[in-house]
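Reader: I'm new to this structure and would love a close look at one part of it. Could you walk me through a single helix and what lies around it?

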Amino acid sequence: MSANAVPISQDRFAEAIADLPIGNLHAKAAELRNSVAHLVHSNEQLQPFADDGDRECAVAIKENQQVMARMVVRIDLLKREVEKRGLPWGDDEPALVNGKSEGPTEQASTSMEIQVSTSPDSPPNRQFRSDTDLAQRLREQIDEDMPNDDGVHL
């Protein structure tokens, strides 16, 4: 993505998925979950360097958190679209635990248990049991950590 590109809004994303077949909605959700898992793994690898004072790694972690928050919101929009059509979201969708797919679980399919470690001040191994919980926490961290500079945020 170029430095000048901005992600599409939630409303435009919801509009774009409205006509997609159900299979595509589930495939997109799987793709987004995979991307979140990779970003979680990336943050885990960057965290020790950020803890040692590497500003670029700290910034990358915060940017990854912003991207993950948008992805979680999009997964929720996909779920709402499927349910709006009167179809179940599906209990066979894998949940993410610490960024790793765990296959079918007893929890609802949108349940994501992702440990997000953002800074030494963050509670270690915080577990998020739903997309909404994770998205809310990521939004809170973004609001806390990012100045309101009206810059471009991916």
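Author: Happy to help; here is a look at one helix, followed by the cores and a helix pair. Please keep in mind that this is a predicted model.

Let's start with helix H2, which covers residues 22–51. At 1.5 Å a residue, its 30 residues should span 44 Å, and the end C-alpha atoms are 43 Å apart, so the two values agree. Along the way, H2 bends by about 30° at Gln45, and Pro48 follows within four residues of that point. After the helix comes Gly53, with a positive phi near 100°.

Now for the residues of H2 that are tucked away. The buried ones include Leu25, Ala29, Leu32, Val36, Leu39 and Val40, and also Arg33, Asn43 and Gln47. An α-helix has 3.6 residues a turn, so residues three or four places apart point the same way.

What about the cores? The largest nonpolar core has 18 residues, and Ile17, Met68, Leu78 and Trp89 have the most contacts inside it. H2 supplies at least two residues of this core, as do helix H1 (10–17) and helix H3 (55–84). The largest share, 8 residues, comes from H3. Apart from this core lies another, of 5 residues, among them Leu46, Cys57, Ala58 and Ile61. Leu46 is also one of the buried residues of H2.

Finally, a word on the neighbours H1 and H3. They pack at an angle of about 40°, with their axes 10 Å apart. Angles from 35 to 65 degrees count as oblique, and H1 and H3 are therefore oblique to each other. Their crossing is right-handed.

Technical notes. Residues are numbered from 1 along each chain as its sequence is written. This is a predicted model: local features need pLDDT of at least 70, side-chain atom pairs count only at pLDDT 80 or more; totals for chains, interfaces and linings use all residues. Side-chain values use heavy atoms; hydrogens and water are left out. The expected span of a helix is 1.5 Å times one less than its number of residues. The bend at a residue is the angle between axes fitted to the seven residues ending there and the seven starting there. Buried means under 20% relative accessible area, exposed over 50%, partly exposed in between (1.4 Å probe, protein chains only). A nonpolar core is a set of buried Ala, Val, Leu, Ile, Met, Phe, Trp, Tyr and Cys residues joined through side-chain atoms within 4.5 Å. Axes are lines fitted to C-alpha atoms, for helices over the stretch in contact, and angles run from 0 to 180 degrees between N-to-C directions. Angles under 35 degrees count as roughly parallel, over 145 as roughly antiparallel, 65 to 115 as roughly perpendicular and the rest as oblique. A crossing is left-handed if the near helix is turned anticlockwise from the far one by less than a right angle, and right-handed if clockwise.
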